[in-house]
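Colleague: Could you take me through this chain, one question at a time? I would like each answer to end on the name or value I asked for.

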Amino acid sequence: MKPVYRSAGVAVAACLLASTFVFTSEVNAASVSFDAKQEGGQIYINSKEVLAKIGGTGKYDSKTGKYIYTAKDQVPDVIDNVSPSVVGIIGRAVEGGETGGSERYNLAHGTGVIIKSNGWIVTNAHVIDGLTEAVVVTSDGKSYKIVKSYSDPVSDIAMIKINAKSLKAAKFISSSEQTRVGETVIAIGTPVSFSLRNSATVGVVSGLNRAVNGSYRLIQSDTAINPGNSGGPLVNLKGEVVGINSMKFAALGVENTGFSIPAETVNYVIKHYFTYGEVKRASLGVELEESWSAIVGLPTEDPLTITSVLTKEAKKAGIKEGDELYSIAGKRVTSVIDINELLKSYLPGQKVKLLMQSGGDIVSRQVVLTQGETEVYSEEDESDF
């Protein structure tokens, strides 16, 4: 698949050497700046600087007055750079596990991403939950036992630890806001068979902020994701992990509709674990029901309905069954995922203001947040993070 050229380079480079600038293929780049000189209404830049910053090759043809630019295919370089940070995970399967292949030895496998050089790896919770006798295989073919594991089924993120040093940690994107629909992405993982470790597929980001069978919003892409890809990275053309592959739609007539957990949610779980030893997930202490419009995916401003009050803090705040919730801390919410995303910025024990309708009146409530759903943690040694 050809990468897509972003217009920032064209506007400046088109006047290179006061000649026609011809692209023989497309490139994908963010905004790039060049030293430039303006003379006689033309803008001049150095062709060597162009090649150094955006790659590719170029040649000026004095007979035609044209500069022929050939873009460099970035995908192979990204795969070469990221693959050492990707691992395969295999172990004895439990009922309902993701086998990804033959049941002969009752094995299940998935993928993971190295996040620290001393052996910390991130993957999906559903990859390691219940997995026994698990082994991690790095890209150079070395095998390691898992000595620590941490699973957060709510986010479907898990962390495992192997006794290894000098591993290459992947780089995660700093903000999911930098991810754009239509940009080229690469999925790397262990599809179908464990012998297919570090397989790569290429596609584009199909959609953002998808609410699909999860607690948090997901990235949709059309990269081919198959059983065993779970826990592997979705990578942009800068070699940054934008998400962890988690699920796909699998039905007759459905093709290439996969979903990844955004890097921001992954980093949220990782940060909480290394800081607190657990995810201190804040909760309103109530059960909520979404409106019909929200459930089917229609645009809506409908509130959520309180179906049960679970904590003494919520009861103390005056929240009752049947109340309707419009906003939290001044931010409108229409779905449970809206609430989960918003509460990632809070900790249990903090207070938030709620705008609600109760008994026909619009009221303001202040509630103390409590600890939400918990995670599962196990370890076999006491090695440091």
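**Helices, cores and rings**

Modeller: To begin with helix α3 (residues 74–82), its buried residues, buried meaning under 20% relative accessible area with a 1.4 Å probe and protein chains only, are V75, V78, I79 and V82. This is a predicted model, in which local features need pLDDT of at least 70 and side-chain atom pairs count only at pLDDT 80 or more, while totals for chains, interfaces and linings use all residues. Residues are numbered from 1 along each chain as its sequence is written, and side-chain values use heavy atoms, with hydrogens and water left out.

Colleague: Why do the buried residues of α3 lie on the same side of the helix?

Modeller: The residues concerned are V75, V78, I79 and V82. The arc is taken from the directions that run from the helix axis to the C-beta atoms. These residues lie on the same side of α3 because the arc they cover around the axis is only 100°.

Colleague: Which strands do the buried residues of α3 pack against?

Modeller: Helices (H or I, at least four residues) and strands (E, at least two) are DSSP runs numbered from the N terminus, and the chain has 8 helices and 27 strands. With contact meaning heavy atoms within 4.5 Å, the buried residues of α3 pack against β6 (86–92), β13 (184–189), β14 (199–210) and β16 (233–236).

Colleague: Which element gives the most to the largest nonpolar core?

Modeller: A nonpolar core is a set of buried Ala, Val, Leu, Ile, Met, Phe, Trp, Tyr and Cys residues joined through side-chain atoms within 4.5 Å, and the largest one here has 31 residues, with I115, V122 and F172 among those with the most contacts inside it. The elements that give two or more residues to this core include β8 (120–124), β11 (157–162), β17 (240–248) and α5 (263–276). The one that gives the most, with 6 residues, is α5.

Colleague: How many residues are in the other core?

Modeller: This core lies apart from the largest one and includes L284, I306, V309 and I319. In soluble globular proteins, nonpolar side chains tend to be buried together. The number of residues in this other core is 20.

Colleague: Is I306 buried or exposed?

Modeller: I306 has its place in strand β21, and, leaving aside its neighbours within four places in sequence, its contacts include V286, L288, I319 and M356. The C-alpha atoms of I306 and G322 are separated by 5.2 Å, although these residues are 16 residues apart along the chain. With a relative accessible area of 3%, I306 is buried.

Colleague: How are the rings of Y273 and F274 arranged?

Modeller: Rings of Phe, Tyr and Trp (its six-membered ring) pair if their centres lie within 6.5 Å, and planes under 30 degrees apart count as stacked, over 60 as edge-to-face and the rest as tilted. Y273 counts as buried at 1% relative accessibility, whereas F274, at 22%, counts as partly exposed, a term for values between the buried limit and 50%. The ring centres are 5.7 Å apart and the planes stand at 45°, so the pair is tilted.

Colleague: Which residue lies over the face of F274?

Modeller: F274 belongs to a cluster in which ring pairs also link W120, Y150 and Y273. A charge sits over a ring if NZ of Lys or CZ of Arg is within 6 Å of the ring centre and within 35 degrees of the ring normal. At 4.9 Å from the ring centre of F274, the residue over its face is K116.
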